[in-house]
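Biologist: I am new to this structure and would love a close look at a single part of it. Could you pick one helix, walk me through its surroundings, and then show me what lies around it?

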Amino acid sequence: MACGAAGPPIGPRLPGADGPEAEPEPPLPRAAAAAPIGPSLPDGCLQRRAKRPPGSAPAPAPARRRRRGREEGTSSQGARTSGLDVSGTWFITIQSPASELVYDLCQHEDLHVTGHGSSPSSTAVSTGSKVRGRLQGYVLTWAEEETGSKFRGTLSPDGLTFAGTCTLSETPNVKFEAVRSGSRGRPSAENDPESVLCLRDRAAGETLRLPRAALLASLPGLRSAAGVEAAEVDVQDVLKVCPFEAAAHSALMPLCRALALWKPEEAFTTSNAIHALALADWLGCSLRAAQALELAVQAHAHEVPAMLEASGDSSASTTHVLKRGLLITSASTLDALARHPSRSRWCSLCGRAALQCLFRLASEDPNGLRLSPAAAAALALGLPLREVHAAVLSHLRFGPGAASLILDLRKRALGPEGAARLELPPAGPGVGILELDLDLSRCGIRAVGAASLRLPDGLQRLRLSLQKCDIGPEGAKALTLPDSLLRLELDLAHCLVGPGGAAALRLPPALEELGLGLLRCAIGDRGARALALPESLHQLQLDLTRCALGAEGLRGLRLPPRLASLSLDLTMCPVGVEGAKALLANLPATLKTLELELGGCGLSAQPLGSLEELAARRLPALSSRIIRCTS
């Protein structure tokens with residue numbers, strides 16, 4: 001087709017346009033149906049759903065698979081544990097503080113749990129604190145409405161025990177264990193707290209009726225002998241396999257009565273205390289009962305030697321109690337044995353138990369705040385120093401003959417509470433230690449901790465370091481030092497005691513040697529004038545570095561009249577020539593040794609020579625003098 005020629009018309013041709021109407025074209029033939037791809041489907045799968053005729057009923061919907069749990073009205077976790085039922089009586093054993101509780105629980109259909117709780121010695125559980133909780137899967141949680149204590153435990157698959165943690169009123173995250181003790185609907189004689197158990201000693205003709213639940217909670221070992229429904233138990237049946245001597249059998253009845261009525265101290269008399277401890281351990285007493293018996297032993301610590309004499313050195317009860325560490329549990333029991341006239345006998349008999357006691361106390365007190373009295377008592381008992389040092393902590397050491405004690409507690413962040421808990425052995429000639437080296441640097445004890453320090457009377461030498469403890473003027477005022485001291489080294493560097501603290505500082509009146517460190521304490525001239533030094537001093541070492549001390553303060557510094565040796569550090573104090581001359585004029589004539597540090601005090605080499613000449617003329621007894629002035 002030539003360029004510009006007319007092409008075929010675009011779009012439909014209108015009738016009558018551009019000439020007569022054209023004849024219609026013949027229709028195209030229909031294409032054949034495409035062959036299906038893949039395997040043929042069953043008949044009816046490709047048919048569309050026919051429309052429902054008007055007026056006809058709808059076809060029924062196909063049945064849907066019903067889900068488990070929610071459609072059935074229970075949770076999925078509840079469905080998995082539909083066989084668990086926590087209804088019944090449970091005995092709860094709490095680790096720390098050691099205690100036992102009894103809970104009577106009832107599980108409802110919606111998995112909520114209600115009930116009451118009380119101690120094993122209570123007459124009825126139903127009068128105890130109300131409990132509300134919930135069972136979710138194998139996890140049981142509940143809380144007491146009155147005390148606010150919260151418990152969370154995981155049930156065992158058989159539903160007989162569970163364990164977890166609880167939050168008490170004062171202690172969070174405490175572990176506990178629980179044991180099912182019976183059905184709520186049919187309480188057995190063992191689970192009913194109001195039932196009694198009759199203990200009968202046919203040989204002695206004695207009978208005791210005791211609360212069953214309280215007795216079995218304290219002495220679980222009696223369950224095998226008492227049975228589940230037995231109302232009476234013969235003590236001979238309990239003791240027929242007892243490994244202890246016959247004399248120990250008489251202590252069972254008093255022990256059961258004391259624990260059932262929760263009066264542990266009544267189980268201890270001089271004649272049967274060792275036997276009671278041995279029987280309680282053999283019968284597997286609870287943790288709470290064991291701790292109560294230990295406290296009772298400590299209350300009767302002064303009678304421990306008499307208890308050992310009553311039971312005999314070679315008796316099975318004595319051997320068992322000492323091997324298990326049931327008798328010697330504290331510093332008081334060790335001290336009672338050390339003060340007894342037969343302490344060599346007790347050292348050979350109880351030496352291993354004493355070391356075992358030291359190991360346990362050291363593990364319970366990693367800072368050693370209360371360990372030194374027990375270690376000192378062990379040394380007084382006659383244990384070798386090397387064995388005692390091996391049992392205690394490395395920062396606690398005794399000198400030869402246990403006459404001196406070194407306790408290094410620096411940088412341990414004790415705080416005021418730690419200072420209040422610190423216990424030290426007795427002191428004095430023939431009584432205890434004579435020298436004490438106590439380092440509390442950077443422990444943060446502050447003024448309250450300084451006031452809480454209890455230093456033993458009878459000390460003759462003390463080195464006490466309170467560097468950077470922030471005790472301030474109130475702490476310096478409250479610090480109490482033994483009056484028996486003859487030598488004292490007191491370091492209060494960076495404590496900011498100020499003029500008020502220097503004025504309130506009370507030093508022992510009979511001191512002969514004193515080393516006082518007041519580095520950066522900012523006492524100033526007013527504090528130097530108010531500082532009261534004992535007149536009995538013969539040797540004084542005074543550190544007043546960076547204390548803002550000038551000529552006025554040095555002029556008012558009151559030095560002891562019989563002082564023979566003086567070491568004074570005035571580094572970085574604005575002393576000047578006038579202050580140095582005022583100091584030399586104020587020195588006592590009895591001085592034999594003088595050491596002055598005047599670095600950074602505004603002195604040069606020329607006035608320094610004149611100061612030495614002035615010291616020689618002013619102090620005729622002076623045999624040694626050192627005056628340094630480093631820039």
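Modeller: Happily! Let us start with helix H6, which spans residues 273-282. Eight of its ten residues are buried, so the helix is largely enclosed by the rest of the structure. Please keep in mind that this is a predicted model.

Which residues of H6 are buried? They are Ala273, Ile274, His275, Ala276, Leu277, Ala278, Leu279 and Ala280. Their packing partners are four helices: H5 (252-260), H7 (287-299), H8 (304-311) and H9 (316-324). Just past the end of H6 you will find Gly284, whose phi is positive, at about 70°.

It helps to set this helix in the whole chain. The chain has 631 residues, and 44% of them count as buried. Its secondary structure is made up of 21 helices and 21 strands. Among contacts with a separation of 6 or more, 66% join residues that are 24 or more positions apart. The accessible surface of the chain is about 33,400 Å², and carbon and sulfur atoms hold 52% of that area.

Now back to H6, which also takes part in the largest pocket. At least two lining residues come from each of H6, H7, H10 (331-339), H11 (343-364) and H12 (372-381). Which helix gives the most to this lining? That is H7, with six residues. The pocket holds about 800 Å³ of space. In total, 30 residues line it, and those nearest its centre are Glu294, Gln298, Thr329, Arg360 and Glu364. Sorted by class, the lining has 14 nonpolar, seven polar and nine charged residues.

From there, you can follow H10 and H12 to another pocket. The second largest pocket has about 410 Å³ of space. It is lined by 18 residues, with Asp335, Ala376, Ala380, Val431 and Gly432 closest to its centre. H10 and H12 are the elements that give two or more residues to this lining. The largest share comes from H10, which supplies five residues. Here the classes are eleven nonpolar, four polar and three charged residues.

Two of the residues closest to the centre of that second pocket, Val431 and Gly432, lead us on to Pro426. This proline sits in the loop between helix H14 (415-421) and strand E14 (435-439). Leaving aside residues up to four places away in sequence, Pro426 touches Arg339, Val431, Gly432 and Ile433. Is Pro426 buried or partly exposed? Its relative accessibility is 38%, so Pro426 counts as partly exposed. The C-alpha atom of Pro426 is 9.9 Å from that of Ser372, although the two residues are 54 positions apart along the chain.

One last stop is the cysteines. How many disulfides does the model have? The count is zero. Cys443 has its closest cysteine sulfur in Cys469, 5.7 Å away, and a disulfide needs the sulfur atoms within 2.5 Å, so this pair is too far apart for a bond. For Cys495 the closest cysteine sulfur is also in Cys469, at 5.7 Å, again too far for a bond. Cys443 counts as buried because its relative accessibility is 2%. Cys495 is buried as well, with a relative accessible area of 1%.

Note on methods: Residues numbered from 1 in each chain as written. Predicted model: local features only at pLDDT ≥ 70, side-chain atom pairs only at ≥ 80, totals over all residues. Heavy atoms only, no water. Buried < 20%, exposed > 50% of the residue type's maximum accessible area, 1.4 Å probe, protein only. Contact = heavy atoms within 4.5 Å. Areas by Shrake-Rupley, 256 points an atom, 1.4 Å probe, with all protein chains shown as cover. 1 Å grid on protein atoms, 1.4 Å probe; cavity = no way out; pocket = protein on both sides within 12 Å on 5 of 7 lines; lining within 4 Å. Points joined across faces, edges and corners; volume = space filled by probe spheres on them. Nonpolar A, V, L, I, M, F, W, Y, C, P; charged D, E, K, R; others polar.
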